[in-house]
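Work through the three exercises below with the structure open. Each task is followed by a solution in steps.

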Amino acid sequence: MNIEERKWEIMYDQEALQTRIKELGSQIKNDYQDKNLLVISLLKGSFIFCADLVRAIDIPRLKINFMTTSSYGDSTDSSGKVQVQADITIDDLSQYDVILLDDIADTANTMDFVYKHIARKNPKSLKTCVLLDKPSRRQVEFVPDYIGFTIEDKFVVGYGFDFEDMYRNVPYIFNVTEELL
């Protein structure tokens, strides 16, 4: 598929994204005000969302760490098999309340795998946050604790979401339609 030959429908522009992220940041701030919060961002897709969200969480005791997993390869569909490519740099999480941050919960195979992986590191508490939730595609039982937007089964690109590792820098989220230009 060549997405440049397809019609793009903007789903969430910059203003809508920033408004919702500020709301999430405020909610998380209220929930974690007096705690040692560790946000674990799953790369690469969530890096832009993570940067904006942590700036919106106005608490002093916030740390950020990163984890790289893969279940897509070069495909637009998840293989269902999750691999850790780079783990977090903290082995003992017993002093932290942890939020796992990902760009999207689609099949939820990745979040389910990572949740179990991080839970073995003994965090004080463990919750999840996704920018987009696509519950119609679930393959495992999973409901994120914090959700930016719930969407239908659409192929999304931009604002960290990629197509063939490109278009992550587009400042809005768009749906690639079947309609040719």
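Strands here are DSSP runs of E with at least two residues, numbered from the N terminus. The model is a predicted one.

**Exercise 1.** Place Arg6 in the fold, decide whether Arg6 is buried or exposed, and list its contacts.

Solution.
- Step 1: Arg6 lies in strand β1, which covers residues 6-12.
- Step 2: The relative accessibility of Arg6 is 19%. Buried means under 20%, so Arg6 counts as buried.
- Step 3: Its side chain comes to 2.8 Å from the backbone oxygen of Glu178.
- Step 4: With neighbours within four places in sequence set aside, Arg6 contacts Met1, Val176, Thr177, Glu178, Glu179, Leu180 and Leu181.

**Exercise 2.** Do the same for Lys116: which element holds Lys116, and which side chain does Lys116 join in a polar contact?

Solution.
- Step 1: Helix α3, residues 109-119, contains Lys116.
- Step 2: Lys116 has 45% relative accessibility and therefore counts as partly exposed.
- Step 3: The side chains of Lys116 and Asp112 form a polar contact of 3.1 Å.
- Step 4: Leu126 is 10 residues away from Lys116 along the chain, and their C-alpha atoms are 10.0 Å apart.

**Exercise 3.** Determine how many residues of helix α2 are buried, and what the buried ones pack against.

Solution.
- Step 1: Helix α2 spans residues 47-56, and seven of its 10 residues are buried, leaving the helix mostly covered.
- Step 2: The buried residues are Ile48, Phe49, Cys50, Asp52, Leu53, Val54 and Ala56.
- Step 3: They pack against helix α1 (14-32) and strands β2 (37-43), β3 (62-70), β5 (97-105) and β6 (125-133).

Terms used. Residues are numbered from 1 along each chain as its sequence is written. This is a predicted model: local features need pLDDT of at least 70, side-chain atom pairs count only at pLDDT 80 or more; totals for chains, interfaces and linings use all residues. Side-chain values use heavy atoms; hydrogens and water are left out. Helices (H or I, at least four residues) and strands (E, at least two) are DSSP runs, numbered from the N terminus. Buried means under 20% relative accessible area, exposed over 50%, partly exposed in between (1.4 Å probe, protein chains only). A polar contact is a pair of N or O atoms within 3.5 Å; within protein, one must be able to donate a hydrogen and the other to accept it, and residues adjacent in sequence count only if both atoms are side-chain atoms. Contact means heavy atoms within 4.5 Å.
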